[in-house]
Amino acid sequence: MGLSNRNIGYGITGSFCTFEKTKKEVIRLTEMGANIVPIFSYQAQTCDTRFGKADEFVKEICEITGNPGIKTIPEAEPIGPKSCLDIMVIAPCTGNSAAKLANGIVDTPVLMAAKAHLRNLKPLVIAISTNDALGANFKTIGMLMNMKNIYFVPFSQDNFEKKPNSMVAKMELLPETIEAALDGKQLQPVIL
């Protein structure tokens, strides 16, 4: 199928430790010919961390994609009525954002974009990144896996000795996951 000329909404939430990996995937998807529309959570836009400065990260992603990015809820809402995306990705998707998505809470640009996109019965791909995947977010992940048009980038424990409940998506599988989701299939195995 390929991703050339596909319009991909790319939501980025505050799992700052995965920002370098997500940037690599944005570059790769762009090189594959996809039109990437970056969508930033408020935390991704404003929180400077030991992993870098927020404004520099946002600027870099927008330069890579050639798109100004969606940074507010009002900017994200038209995604629904315009039906402008072929698929949407949330990568990384924090446990907090996943829990809100599963419970219909729309209080960030990424969550508004996801809600608006899902109303068109189009696929949403989640690249989970949470320290609580096998704890408090276990129920959330199960709920989302059972929802129509939601697909997961395969994920695994990232440090079972020091963080036994933590799981992170294998970002390098994002293009394959997107292609499978566009065909209405979950890339397997989903838990590695």
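These legends describe views of a predicted model of one chain.

**Figure 1. Helices and strands of the whole chain.** The chain holds nine helices and seven strands. Its radius of gyration is 15 Å, close to the 16 Å that the globule rule gives for 192 residues, so the chain is as compact as a globular protein of that length. The C-alpha trace spans about 40 × 35 × 30 Å along its principal axes.

**Figure 2. Contacts and burial within the chain.** Of the 192 residues, 52% count as buried. Take the contacts between residues at least 6 apart in sequence: 78% of these join residues at least 24 apart.

**Figure 3. Surface and charges of the chain.** About 9,000 Å² of the chain is exposed, and carbon and sulfur atoms supply 51% of that area. The chain has 20 positive and 19 negative charges, and the mean positions of the two sets are 4 Å apart.

**Figure 4. Ser 166 in its loop.** Strand 6 (155-157) and strand 7 (167-169) are joined by a loop, and Ser 166 lies in this loop. The relative accessibility of Ser 166 is 1%; residues under 20% count as buried, so Ser 166 is buried.

**Figure 5. Contacts of Ser 166.** Neighbours within four places in sequence are left aside here. Ser 166 is then in contact with Thr 130, Asn 131, Ser 156, Gln 157 and Asp 158.

**Figure 6. Ser 166 and Gly 104.** These two residues, Ser 166 and Gly 104, are 62 residues apart in sequence. In space, their C-alpha atoms are 24 Å apart.

Methods: Residues are numbered from 1 along each chain as its sequence is written. This is a predicted model: local features need pLDDT of at least 70, side-chain atom pairs count only at pLDDT 80 or more; totals for chains, interfaces and linings use all residues. Side-chain values use heavy atoms; hydrogens and water are left out. Helices (H or I, at least four residues) and strands (E, at least two) are DSSP runs, numbered from the N terminus. The radius of gyration is taken over C-alpha atoms; the globule rule is 2.2 Å times the number of residues to the power 0.38. Buried means under 20% relative accessible area, exposed over 50%, partly exposed in between (1.4 Å probe, protein chains only). Contact means heavy atoms within 4.5 Å. Accessible areas come from the Shrake-Rupley method with a 1.4 Å probe; for residues, only the protein chains shown count as cover. Lys and Arg count as positive and Asp and Glu as negative; His and the chain ends are not counted. The place of a charge is taken as NZ of Lys, CZ of Arg, CG of Asp or CD of Glu.
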